[in-house]
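Got your viewer open? Let's take a walk through this fold, one selection at a time.

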Amino acid sequence: MNILTKTKNILLDILFPPICLNCGFDLKEKEKRDKICEKCMDSIITYSSFFCPKCKSRIPGEEKTCHKDVKYLLAPVTNYKNDSVKNIVKFIKYNRWTSLLNTIEPILEKYLSLLKYNFENFIIIPIPLHKDRERERGFNQSELIAKIICKKTGASININALKRIRFTKTQAELKDPEERMKNVKDCFALIDPNEVKNKNIILVDDVFTTGSTINEAVKNLKQAGAKKIIAFVFAKA
Ligand SMILES: [Zn+2]
Ligand SMILES: [Zn+2]
């Protein structure tokens, strides 16, 4: 760093002191990179198991879900009710702070090490955005999370397997579960169903709320003959 950049950074730090994205307190030097203070970071719990997507009960080991009509397991890294988690997700999605992906990487890594599950013979497929939405946002957050999972698990990745064929409202705008279900109905299509036939799939999304979006994608994958499906999300509500 040259002297001018250094001076500029010092001045910026004085004028706009870097603050924690969650609690708003000034950040210490070593916290600046993560944009979140140690206390808020420590408040983030990491799960260690799979969950039933329907009743959200914990599933011990690699057993099937308690609800027989659910065709997949939920693998959430952490809980969306935590304010730090909520803010990290929001700042990535709406403020384009993609550098926060470095912050979530160790949290995701911790979940994988606690889960102790072998994902090697799986194909990672991120939930796609509609091309207009992706153009507007500049990136697909699920795809960025999928790439971290790929790096950490050794599973292969196919970012173009699934396509959004219909523009939908953002699910966050809709509170009623019924409306959410209607909003995403038949919104996905597989580019080539043979790519997922008899394959184990990791579907990736940032947040799991009612599950309507994931359920739709699972429907497409099952119709195409996918074997085991695990919905891997950064946070479950
Ligand atoms: Zn904080
Ligand atoms: Zn259940």
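First stop: the place where two helices meet. This is a predicted model, and in it the crossing of H4 and H6 is right-handed. Select residues 101-115 for H4, and you'll see that this helix packs against H6 at an angle of about 45°, with the two axes 10 Å apart. Angles from 65 to 115 degrees would count as roughly perpendicular and those under 35 as roughly parallel, so H4 and H6 come out as oblique to each other.

Which residues of H4 meet H6? Show side chains for Leu101, Glu105, Leu108, Glu109 and Leu112 on H4; their partners on H6 are Leu144, Ile148, Lys152 and Thr153. Sorted by class, this contact has five nonpolar, one polar and three charged residues.

**Along H6**

Now select residues 141-153, the whole of H6. Try a quick check: at 1.5 Å a residue, its 13 residues should span 18 Å, and the end C-alpha atoms are indeed 18 Å apart, so the two agree. Next, colour the buried residues of H6: Gln141, Ser142, Ile145, Ala146, Ile149 and Cys150. What covers them? Look for helix H3 (83-95) and strands E4 (122-126), E5 (156-157), E8 (200-208) and E9 (229-236), which are among the covering elements. Step just past the end of H6 and you land on glycine 154, with a positive phi of about 85°.

**Along H8**

Jump to residues 212-223, which make up helix H8. Its 12 residues should span 16 Å at 1.5 Å a residue; the end C-alpha atoms are 17 Å apart, which agrees. The buried residues here are Ser212, Thr213, Ile214, Glu216, Ala217, Val218 and Leu221. Their cover includes strand E6 (162-164), helix H7 (177-184), strand E7 (188-190), and also E8 and E9. Just after H8 comes glycine 225, and its phi is positive too, about 90°.

**Into strand E9**

Click on isoleucine 229, which sits in strand E9. Is isoleucine 229 buried or exposed? Being buried takes 20 or more other C-beta atoms within 10 Å; isoleucine 229 has 21, so it is buried. Leaving out neighbours within four places in sequence, its contacts are Lys71, Tyr72, Ile201, Leu203, Val218 and Leu221. Val218 and Leu221 should ring a bell from the list of buried H8 residues. Now put a distance label between isoleucine 229 and leucine 74: they are 155 residues apart in sequence, but their C-alpha atoms are 8.9 Å apart in space.

**Three lysines in loops**

Start with lysine 56, in the loop between strand E1 (50-51) and strand E2 (58-59). Lysine 56 isn't a glycine, yet it has a positive phi of about 60°. With 13 other C-beta atoms within 10 Å, lysine 56 is partly exposed.

Move on to lysine 116, in the loop between H4 and E4. Here's another non-glycine with a positive phi, this time about 50°. Lysine 116 counts as exposed, because it has 9 C-beta neighbours inside 10 Å and the cut-off for exposed is 12 or fewer.

Last stop: lysine 81, in the loop between strand E3 (73-79) and H3. Lysine 81 is exposed as well, with 11 other C-beta atoms within 10 Å. Draw one more distance, from lysine 81 to isoleucine 44: the pair are 37 residues apart in sequence and 9.9 Å apart in space, C-alpha to C-alpha.

Definitions and conventions. Residues are numbered from 1 along each chain as its sequence is written. Chains are lettered from A and ligands numbered from 1 in the order in which they are written. This is a predicted model: local features need pLDDT of at least 70, side-chain atom pairs count only at pLDDT 80 or more; totals for chains, interfaces and linings use all residues. Helices (H or I, at least four residues) and strands (E, at least two) are DSSP runs, numbered from the N terminus. The expected span of a helix is 1.5 Å times one less than its number of residues. Two residues are in contact if their C-beta atoms, placed from the backbone, lie within 7 Å. Axes are lines fitted to C-alpha atoms, for helices over the stretch in contact, and angles run from 0 to 180 degrees between N-to-C directions. Angles under 35 degrees count as roughly parallel, over 145 as roughly antiparallel, 65 to 115 as roughly perpendicular and the rest as oblique. A crossing is left-handed if the near helix is turned anticlockwise from the far one by less than a right angle, and right-handed if clockwise. Ala, Val, Leu, Ile, Met, Phe, Trp, Tyr, Cys and Pro count as nonpolar, Asp, Glu, Lys and Arg as charged, and the others, Gly among them, as polar.
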